[in-house]
There are 2 protein chains.
Amino acid sequence: MFTIKEVSEKMDVSEHTLRFWAKSGFFPFIKRDQNNVRLFSENDLEWVKIVKCLRTVGTDNKSIKRYIDLCLIGDSTISERYGIIQATKQKAEQQMSELSHQLELLEYKENYYKKLLKNNSAVDEWNPMNKVKEEESIA
Amino acid sequence: MFTIKEVSEKMDVSEHTLRFWAKSGFFPFIKRDQNNVRLFSENDLEWVKIVKCLRTVGTDNKSIKRYIDLCLIGDSTISERYGIIQATKQKAEQQMSELSHQLELLEYKENYYKKLLKNNSAVDEWNPMNKVKEEESIA
DNA sequence: CAATTACTTGAGAGTTGCTCTCAATAGCTT
DNA sequence: AAGCTATTGAGAGCAACTCTCAAGTAATTG
């Protein structure tokens, strides 16, 4: 059994967020000790894991709650849960491809700045002939 | 020259967000027509592109403003901008690897549900012998 | 054994980055 | 002229945290 602090470190989710998620009903099986302190079991960690996964992919909390509730209902909801997981997978894949697209832009910029740095250190800054005119700055 | 609606469609960013970004000072060169309507130039689209890129990777708006301001200052800030782009690239790479990690979990779940669906349709649900005991539901 | 330190709790305020609503204005169409 | 379509800025609303705080408990230390 783990305290919220231990879970926070183990799963790399802030204690605040874990409490917020708990209040949102994302961890239905959490026990408390005699002092009302939350104690997470290994099984509870699995719930943290799936919630973190869904949030990482950008699922909103309402949809996460829906998924949790489906799990609690039981076997009759398996095909709906299967659909949710599939849709989430697709979303994750789209995000990967979007990210790799943005990485291309970042690499282009990186090279652009690298070149500028090389040139700048080579030229004589004090020579007015090296002044470059620009209509508008570039991002 | 493009209206905000055209830019919204071209760049896949909502008009609301574009206005919000404009108000935040992310597009320093935007012109207006005689009716105060914003007109984006091709160069302005480049600013939209880089802002969208930085936001996609999760850069906060304050840091984006800092980057924009550095661009406006000019050549003396190239090495700082280079650093920002490098750090952003790293962040994007981390996010890719986090996403692909989460994709693994999603694939595992997908297979798990796929198997359950196959079994469920094969067994006789009305046979009490097929009742499976579970201590706690699983996410 | 009182005091300090280290956690934990829930309530609730504050923050970020949108997102949406609205009234005012302008141009185009019939 | 009336209707339709855009655009604008101001400002309300929202999601998902994030942070602050007072209160409670437990272990440690002087």
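**Briefing: the interface of chains A and B and the surface near DNA strand C**

A:Glu110 and B:Lys89 form a salt bridge in which the closest N and O atoms are 2.7 Å apart. The model is predicted. Chain B and chain A bury about 4500 Å² between them, and 17 residues lie around DNA strand C.

**Relation of the two chains**

- Chain B is superposed on chain A by a rotation of 180° with 0.0 Å of shift along its axis, at an RMSD of 0.1 Å.
- This is therefore the relation of a two-fold axis.
- The C-alpha of B:Met96 lies 3.0 Å from the axis and is the nearest to it in chain B.
- Both copies use the same surface, as 100% of the contact residues of chain B recur in chain A.

**Interface of chain B and chain A**

- Chain B contributes 46 residues to the contact, and chain A contributes 46 residues.
- Carbon and sulfur atoms give 71% of the area buried between the chains.
- B:Leu99, B:Leu106 and B:Tyr113 lose the most area to chain A within chain B, together 15% of what that side buries.
- Two salt bridges are found across the interface, and one of them is the pair A:Glu110 and B:Lys89.
- Seven residue pairs are in polar contact between chain B and chain A, with both residues at pLDDT 80 or more.
- On the side of chain B that touches chain A, the elements giving two or more residues are helix H3 (42-56), helix H4 (61-73) and helix H5 (78-122) of chain B.
- H5(B) gives the most to that side, with 27 residues.
- The residues of that side comprise 22 nonpolar, ten polar and 14 charged.

**Surface near DNA strand C**

- A:Arg19, A:Arg32, A:Arg38, B:Arg55 and B:Asp60 come nearest among the 17 residues around the strand.
- Sugar or phosphate accounts for 83% of the atoms of DNA strand C within 4 Å of the protein, and bases for the rest.
- A phosphate oxygen of the strand lies 3.0 Å from a polar side-chain atom of A:Arg19.
- The side chain of B:Trp21 places an N or O atom 3.2 Å from a phosphate oxygen of DNA strand C.
- For B:Asn61, a backbone N or O atom is 3.0 Å from a phosphate oxygen of DNA strand C.
- Helix H1 (4-11) and helix H2 (15-23) of chain A, together with helix H2 (15-23) of chain B, are the elements that give two or more residues to this surface.
- H2(B) gives the most, with four residues.
- By residue class, the surface near DNA strand C holds seven charged, six polar and four nonpolar residues.

Terms used
Residues numbered from 1 in each chain as written. Chains lettered and ligands numbered in written order. Predicted model: local features only at pLDDT ≥ 70, side-chain atom pairs only at ≥ 80, totals over all residues. Heavy atoms only, no water. Near = heavy atom within 4 Å. Polar contact = N/O pair within 3.5 Å; in protein donor to acceptor, adjacent residues only side chain to side chain. Nonpolar A, V, L, I, M, F, W, Y, C, P; charged D, E, K, R; others polar. Least-squares fit on C-alpha atoms with pLDDT ≥ 70 in both. Contact = heavy atoms within 4.5 Å. Buried area = accessible area lost by both parts, 1.4 Å probe. Salt bridge = Lys/Arg side-chain N within 4 Å of Asp/Glu carboxyl O.
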